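Here is my note on the model you sent round. Keep the structure open beside it and check each point as you read.

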Amino acid sequence: NIVTLYGHDEEPSCTLYLEVLEKTVGQAYCEEGCDHSRLLKNTLLHISHALLHLADHRIVHMDIKKDNVMLRSTGEVVLIDFGRAWHLDSDRKIQDRYWEKDEVPCGAYPLQSPEVLEILVRDYQHLKEPIKGKLRGLYFTDNHDVYCLGAMIHELVCGQYPNGNLKESQTSPKKNSKSIIDEEFAFLKALLANADSDDYFQRICRNLEPLPGNMMDIVIRMLERDLTKRINALDVYRQTRDIVVDEFFAN
């Protein structure tokens with residue numbers, strides 16, 4: 001459930017030869033006559049399967065969103081675009097890496113987990129008051145991708161982000177622009193405040209009410225703010241597979 005890479009050239013620049021995929025999960029969800037329940041179950045099942053494969057290789061995608069999840073003509077759901085991906089260390093954490101002012105270590109801000117938002121807020125403060133030569137310690141795991149997948153499902157179901165119905169900011173700060181950095185820093189702090197708010201759990205439960213109860217429970221556990229309590233990709237895969245199998249035999 002990962003886009004097929006047929007080959008690549010490195011000269012004169014890196015060119016990737018990938019399978020052709022014509023429809024994103026976001027486009028499919030908006031099509032007239034779409035079986036939303038089936039599409040969401042397939043998305044959970046297939047992308048959690050992709051995350052298990054990535055975990056075997058200690059890779060975290062960092063940019064799961066409805067434009068980076070696509071459908072094959074067979075109905076399989078696949079993950080694309082690894083431009084933001086990170087490699088985890090032997091402890092399955094990202095540690096001690098520094099990024100420059102024009103680099104952001106993740107995709108769209110509103111879909112990021114609370115632990116990554118906290119890191120970004122800290123590092124935007126660092127951009128405002130740079131400390132030369134100091135590495136920024138990063139401590140989060142591949143369960144971040146589980147949160148992003150849950151956030152994407154949340155957005156498809158209700159048209160809002162789990163951390164509030166805020167407009168998506170530019171994902172990369174502009175060079176030498178203090179006003180842009182200030183604006184994005186404020187945006188990140190607002191997202192983090194929404195993620196830490198007392199009504200977070202009630203809000204996502206209310207927004208996910210259109211989902212069947214068994215799927216709703218899975219997505220809520222994927223959106224757990226506490227990293228240590230969040231469901232992992234293997235449990236998402238197993239529980240979604242059980243739903244699909246049960247429905248098959250029920251019918």
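**Notes on the predicted model**

1. **Overall make-up.** The protein contains 8 helices and 7 strands. This is a predicted model. Of its 251 residues, 48% are buried. Take the contacts between residues at least 6 apart in sequence: 69% of them join residues at least 24 apart.

2. **Confidence.** Check this before trusting any detail. The mean pLDDT of the protein is 84. A value of 70 or more is reached by 81% of the residues. Residues 168–176 need care, as pLDDT stays under 50 there. For that stretch the model has 27 contacts beyond four places in sequence. Read those contacts with the low pLDDT in mind.

3. **The sheet.** Which strands form the open sheet, and in what order? There are 3 of them, in the order β3-β5-β6, with antiparallel pairing. The edge strands are β3 (23–24) and β6 (77–79), each of which pairs on one side only. Strand β5 (residues 69–71) is joined to β3 by 2 bridges, and the two run antiparallel. To find the place by eye, start from Lys-23, which stands opposite Leu-71 in β5. A word of background: the strands of a sheet pair through backbone hydrogen bonds, either parallel or antiparallel.

4. **A helix on the sheet.** Next, see what packs on these strands. Helix α2 (residues 36–56) packs on the sheet and touches β5 and β6. The direction of α2 makes about 40 degrees with that of β6.

5. **Aromatic pairs.** How many aromatic pairs are there? The count comes to 2. One is Tyr-109 with Phe-187, whose centres are 6.4 Å apart. Their planes are 40 degrees apart, so the pair counts as tilted: under 30 would be stacked and over 60 edge-to-face. Tyr-109 sits in the loop between β7 (86–87) and α3 (114–128), while Phe-187 belongs to helix α5 (residues 178–195). The pair therefore ties together parts that are 78 residues apart in sequence. Both Tyr-109 and Phe-187 are buried.

6. **The other pair.** Phe-248 and Phe-249 also form an aromatic pair, and this one is edge-to-face. The centres lie 5.4 Å apart, with 85 degrees between the planes. Are these two rings' residues buried or exposed? Phe-248 has 61% relative accessibility, so it counts as exposed. Phe-249 is exposed as well, because its relative accessible area is 66% and the cut-off is over 50%.

7. **Cysteines.** A search of the whole structure finds 0 disulfides. Look at Cys-14 and Cys-205 in turn. Cys-14 has a relative accessible area of 57%, so it is exposed. Cys-205 has 16%, so it is buried.

8. **One residue to follow.** Finish with Gln-239, which lies in helix α8 (residues 233–250). Why does Gln-239 count as partly exposed? Its relative accessibility is 25%, and partly exposed covers values between the 20% and 50% limits, so the label fits. Beyond its neighbours within four places in sequence, Gln-239 is in contact with Ile-218, Arg-221 and Ile-231. Now compare sequence with space for Gln-239 and Leu-44. They are 195 residues apart in sequence, yet 9.8 Å apart in space, C-alpha to C-alpha.

Definitions and conventions:
Residues are numbered from 1 along each chain as its sequence is written. This is a predicted model: local features need pLDDT of at least 70, side-chain atom pairs count only at pLDDT 80 or more; totals for chains, interfaces and linings use all residues. Side-chain values use heavy atoms; hydrogens and water are left out. Rings of Phe, Tyr and Trp (its six-membered ring) pair if their centres lie within 6.5 Å; planes under 30 degrees apart count as stacked, over 60 as edge-to-face and the rest as tilted. Helices (H or I, at least four residues) and strands (E, at least two) are DSSP runs, numbered from the N terminus. Buried means under 20% relative accessible area, exposed over 50%, partly exposed in between (1.4 Å probe, protein chains only). Two strands pair if DSSP finds at least two bridges between them. Contact means heavy atoms within 4.5 Å. Axes are lines fitted to C-alpha atoms, for helices over the stretch in contact, and angles run from 0 to 180 degrees between N-to-C directions. A disulfide is a pair of cysteine sulfur atoms within 2.5 Å. pLDDT is the predictor's confidence in each residue, from 0 to 100.
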